[in-house]
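Look over the sequence and the model shown below. The text after it goes through the inside of the structure and then through a group of strands.

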Amino acid sequence: MLVAPLAENEAERLAALHQYGLYGTAPEPSYEDIVRLLATICGTSTALVSLIGEDQLWFKARLGYMPSCGSRKYSLCGHVVNRPAQLLIVEDTLNDPRFADNPEILAQNIRFYAAAPLTTPEGHVVGALCTVHDQPMQLSVAQQDALAALARQVMRNMELHLSNQVLSAHSKQLEQQTDALQQLNQSKDRFFSIIAHDLKAPFQGILGFSELLDTDLDEMSHTEIRNIASYLHDTAAGAFKLLENLLNWAMVESGRLTYQPKSLCLESVFDLVEGSLSGAARHKNIRLQLSCPKDLRLYADENMLRSMIRNLVSNAVKFTPDGGQVNVSAIQLDDRVEIQVRDTGVGMSMEQVQQILSNIANVNAQNSSTQGTSGETGTGLGLVLCQQFALRHGSHIQIESTPNQGTVFRFCLPAMVSHQLPETVAMA
């Protein structure tokens, strides 16, 4: 009993077979039409498009045969893998010493078999177009020519399917590139919009009042000078914060912002942040309090962490009326440190919270920023950056809020453990 051989280049042959993406797929009319035509031409009871896998045959089309697959080892089709340009014709299996004692052939009562190899342009035999009958037969030269021609038609169908797959992949890639370009355009449009309006406006104010000081300083009272100086400081601080967020956002967009975690003492970070934000809080008579357990350490990127706390506290001050309170606190929860920014501000409805979460999920979202309790303006970039930085630490921004009672922003960062080592990773 002759076992079906492997191809001389079996690995390459299998790779060629699977690139078509047809092995294991359902029958299709174009292949079924071919097997019907082959059986009619040859006068046989059965015809198959057989794709030859590693251990199994898969029948892409079948006539007069019920199973959709079969074993390769003792199959007749398995013998064509090393015959890229030759038909295999067995006129009577019982009189052919190669197959006379094959139990599967005997069990299926196969007496006649003829097959043409399905050969790729590179010369790999990936299957066979075969016809089977339960009585010995001979094929005329014309019938053999028809068998070979129909096998070539099967391969044309397979090549067409492969071409469609390639076109579909290219189309998907083009769609992805188009989406990326659209996002870049959205980023560019928003960037220029912020520069044209949100960044231009404070500088116009700074220029106007500084010119007033330059020309009318001698005629101004001490109170007027102090008011202008206070306005200039607040406006310059707001413009600097916006510029800082713009630069961070541009770096996130371009993938050039690196994540550099290290061991941090959270109390020291809080002290630095408090120093930069206490003035804005005092201006609105808001009590700003930052507290955390002494010597609490975490593993985080210091610049990202400071930016997150600054933006969240600035946002809390913005929406808290004069005389309110903003508390920043931290607690350790197993291997994580939870940081909260809680205010006694105007609060939000559930719908508003969901809208903010939806907006900050997209760095390019064209979300608008609501004015603060003293008319403060913003771009919404701060919360977007907070979410981006939180995600880089394996966390996300959570929001709880009640109208007229206040809002809580929270996020978690890794607590410092002894086995952690600093790393530098570019943000995607």
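Leaving aside neighbours within four places in sequence, with which residues is Ile397 in contact? In this predicted model, the contacts of Ile397 outside that stretch are Met308, Leu357, Ile360, Cys386, Gln387, Ala390, Phe409, Arg410 and Phe411.

Ile397 is also among the residues that touch the most other members of the largest nonpolar core, together with Leu266, Phe270, Leu305, Val313 and Ile339. This core has 46 residues. Helix α7, which covers residues 302-318, gives the most to the core, contributing eight residues. A second core is separate and has 29 residues, including Leu38, Cys42, Ala61 and Ala151.

Next come the strands. Strand β12 covers residues 336-343. Six of its eight residues are buried, that is, under 20% relative accessible area, so β12 is largely enclosed by the rest of the structure.

Strand β12 pairs with two strands that can be taken in turn. One is β11, residues 325-333, which is joined to β12 by eight bridges and runs antiparallel to it. Within this pairing, Val326 has Asp343 in β12 as its bridge partner. The hairpin of β11 and β12 has two residues between the strands, and Asp334 in this hairpin takes a positive phi near 55°.

The other is β14, residues 406-414, which is joined to β12 by seven bridges, again in an antiparallel arrangement. Here Gln340 stands opposite Arg410 in β14. Arg410 has already appeared above, as one of the contacts of Ile397.

Definitions and conventions. Residues numbered from 1 in each chain as written. Predicted model: local features only at pLDDT ≥ 70, side-chain atom pairs only at ≥ 80, totals over all residues. Heavy atoms only, no water. Core = buried A, V, L, I, M, F, W, Y, C linked by side-chain atoms within 4.5 Å. Buried < 20%, exposed > 50% of the residue type's maximum accessible area, 1.4 Å probe, protein only. Helix = DSSP H or I, 4+ residues; strand = E, 2+ residues; numbered from the N terminus. Contact = heavy atoms within 4.5 Å. Pairing = 2+ DSSP bridges.
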